[in-house]
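I opened this notebook to record what I looked up in one structure, item by item. My interest was in the fold, the surface and the open space.

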Amino acid sequence: MQNWYHLFPKNTGLSLYIWIIFCVLPFYFIFRSTALYEIIFGIAVTLIFFITYWISYTSRGRLVYIGLSIEFVINIAMTLLFGYVYFALFSAFFIGNIKRKAGFVTFYVIHLVTTVAAMHLPSG
């Protein structure tokens, strides 16, 4: 049986406690919103991100790339709506584990461009 904490990247230089903080931190940004529909949307998107991350982490092949693409979209949405950019760290460390050079370079460039663009766009 795989332990729950094996979902976090290994040997990244960051402690398990930091990864747990990165998992709890989005809820702080979400609950700062005043509208109920924004809070519900934020919680749903955060849960979808972690489910997608888990599926990508346990999968091989094309499903990994599809999962990463979904994570990019969620990262952009969370950055624009709530100012929470730290989901990019999950994706960045995951991209670092891609074995194929073409897949790594492609997703690395896409990740950089989308993250920087989302941070520089005016948020709502």
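The entries below go from the whole chain to a surface patch, a pocket and two buried residues.

**Entry 1, the chain.** I began by noting that the model is a predicted one, and I kept that in mind for every value that follows. I then looked up the secondary structure and found 5 helices and 0 strands in the protein chain, which reads α-α-α-α-α along the sequence. For burial I took the whole protein chain of 124 residues, of which 35% count as buried.

**Entry 2, the nonpolar patch.** Which residues make the nonpolar surface patch? I listed L47, I48, I51, W54, I55, L63, I66 and I70, which together give a patch of about 710 Å². I next asked where these residues sit, and noted that α2, spanning 36-58, and α3, spanning 62-82, each supply at least two of them. The largest share comes from α2, with 5 residues. I picked out I70, which is found in helix α3, and looked up its exposure: I70 is partly exposed because its relative accessible area of 38% falls between the cut-offs of 20% for buried and 50% for exposed.

**Entry 3, the largest pocket.** I turned to the open space and recorded about 320 Å³ in the largest pocket. Its lining is made up of S56, Y57, S59, R60, G61, V64, Y65, F94, N97, I98, K99 and R100, and by class I noted 5 nonpolar, 4 polar and 3 charged residues there. As with the nonpolar patch, α2 and α3 each supply at least two residues of this lining.

**Entry 4, V64.** Is V64, one of the lining residues, buried or exposed? I found V64 in helix α3 with a relative accessible area of 10%, so V64 is buried, given that the cut-off for burial is under 20%. I also looked up a distance for V64: its C-alpha atom is separated by 9.3 Å from that of T52, and the two residues are 12 apart along the chain.

**Entry 5, F72.** I closed with F72, whose place is also in helix α3. F72 counts as buried because its relative accessibility is 5%, under the 20% cut-off. How far apart are F72 and T115 in sequence and in space? I noted 43 residues in sequence and 8.1 Å in space, taken from C-alpha to C-alpha.

Notes: Residues numbered from 1 in each chain as written. Predicted model: local features only at pLDDT ≥ 70, side-chain atom pairs only at ≥ 80, totals over all residues. Heavy atoms only, no water. Patch = residues over 30% accessible without salt bridge, like charges linked within 9 Å, V, L, I, M, F, W, Y side chains within 5 Å. Areas by Shrake-Rupley, 256 points an atom, 1.4 Å probe, with all protein chains shown as cover. Salt bridge = Lys/Arg side-chain N within 4 Å of Asp/Glu carboxyl O. Helix = DSSP H or I, 4+ residues; strand = E, 2+ residues; numbered from the N terminus. Buried < 20%, exposed > 50% of the residue type's maximum accessible area, 1.4 Å probe, protein only. 1 Å grid on protein atoms, 1.4 Å probe; cavity = no way out; pocket = protein on both sides within 12 Å on 5 of 7 lines; lining within 4 Å. Points joined across faces, edges and corners; volume = space filled by probe spheres on them. Nonpolar A, V, L, I, M, F, W, Y, C, P; charged D, E, K, R; others polar.
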